[in-house]
Amino acid sequence: MDIAQFKAPLSSATSNVQIATFAAGCFWGVEHIFLKHYPPSNDKGILKTSVGYTGGKPNSTNPSYRAVCEGTTEHAEAVKIEFDPAKVTYDELVEFFYRTHDPTTLNSQGSDAGTQYRSAIFYHSPEQKAIAERVTQEVQEKHFRQKIVTQIVEAGPWWDAEDYHQLYLFKNPSGYQCPTHRLHW
């Protein structure tokens, strides 16, 4: 597979780029499913993604994958999405986030367990917080009997994961993918 389609540069015509940040288990699968459905080369609104770490202890800066996996930093594995809101709304991205994992399991997805695998929406503005809360309530009522445990918290410092994690499942198609990372409805 040509991964160039997932590295499309930002268009100079795009003036209103926004950021969405989601954690839903192993970041390889989260990035993979978003890009499969919103490849930048298809102009569906996602412009760029990166996987990394956020939501950790304030004194844990620039964490490594190993430190995050040990659970001592309290960071989540997450995907940061740059998107064009004229082509895809934040509402749509939040709903898609819920469609692609199990938000009812605390600190786990499939057999992956630990705080780094928690379900979380890291909002970047009061508007994003309000949308995330509204969409969460709508999704809860329509699609889940069990209570959604997704955290909705303000975005804080972000650290890109090591280069080998970026676009991992596109570079390694037979690599590990959590079975919960699929479309559930």
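This is a short tour of one protein, going from the whole chain to a single arginine and its surroundings. What you have open is a predicted model.

**The whole chain**

Start with everything shown as a cartoon. You should find five helices and eight strands, and from the N terminus they come in the order β-α-β-α-β-α-β-β-β-α-β-β-α. The radius of gyration is 15 Å, close to the 16 Å that the globule rule gives for 185 residues, so the protein is as compact as a globular protein of that length. Turn it around: the C-alpha trace spans about 40 × 35 × 35 Å along its principal axes. Buried residues make up 49% of the 185. Of the contacts with a separation of 6 or more, 80% are between residues 24 or more positions apart.

**Residues 20-178**

Now select 20-178. An unreviewed UniProt entry gives this stretch the feature "domain: Peptide methionine sulphoxide reductase MsrA". Its end C-alpha atoms lie 21 Å apart, and the span is 31% helix and 24% strand.

**Helix 3**

Next, pick residues 90-99, which form helix 3, and show the side chains of its buried residues: Tyr 90, Leu 93, Val 94, Phe 96, Phe 97 and Tyr 98. What do these buried residues pack against? Bring up strand 1 (18-24), helix 1 (27-37), strand 2 (46-54), strand 3 (76-83), strand 6 (119-123) and helix 4 (126-143), and you have the partners.

**Arg 118**

Go to Arg 118, in the loop between strand 5 (112-113) and strand 6. Which side chain of opposite charge is nearest to Arg 118? That's Glu 74, 6.9 Å away; Arg 118 is buried yet has no salt bridge. Look for its polar partners instead. The side chains of Arg 118 and Gln 151 share a polar contact of 3.0 Å, and a polar atom of the Arg 118 side chain lies 3.0 Å from the backbone oxygen of Gly 55. Beyond its sequence neighbours within four places, Arg 118 also has contacts that include Ala 23, Thr 54, His 75 and Asn 107.

**Two loop residues touching Arg 118**

Finish with Glu 74 and Asn 107, both in contact with Arg 118. Glu 74 sits in the loop between helix 2 (65-70) and strand 3, with a positive phi of about 65 degrees although it is not a glycine. At 40% relative accessibility, Glu 74 counts as partly exposed. Asn 107 is in the loop between helix 3 and strand 4 (108-109). Asn 107 has a positive phi too, near 55 degrees, and is likewise not a glycine. Its relative accessibility is 25%, so Asn 107 counts as partly exposed.

How values were computed:
Residues numbered from 1 in each chain as written. Predicted model: local features only at pLDDT ≥ 70, side-chain atom pairs only at ≥ 80, totals over all residues. Heavy atoms only, no water. Buried < 20%, exposed > 50% of the residue type's maximum accessible area, 1.4 Å probe, protein only. Helix = DSSP H or I, 4+ residues; strand = E, 2+ residues; numbered from the N terminus. Contact = heavy atoms within 4.5 Å. UniProt positions renumbered as here; feature names shortened; annotations may be inferred. Lys, Arg positive; Asp, Glu negative; His and termini not counted. Salt bridge = Lys/Arg side-chain N within 4 Å of Asp/Glu carboxyl O. Polar contact = N/O pair within 3.5 Å; in protein donor to acceptor, adjacent residues only side chain to side chain. Rg over C-alpha atoms; globule rule 2.2 N^0.38 Å.
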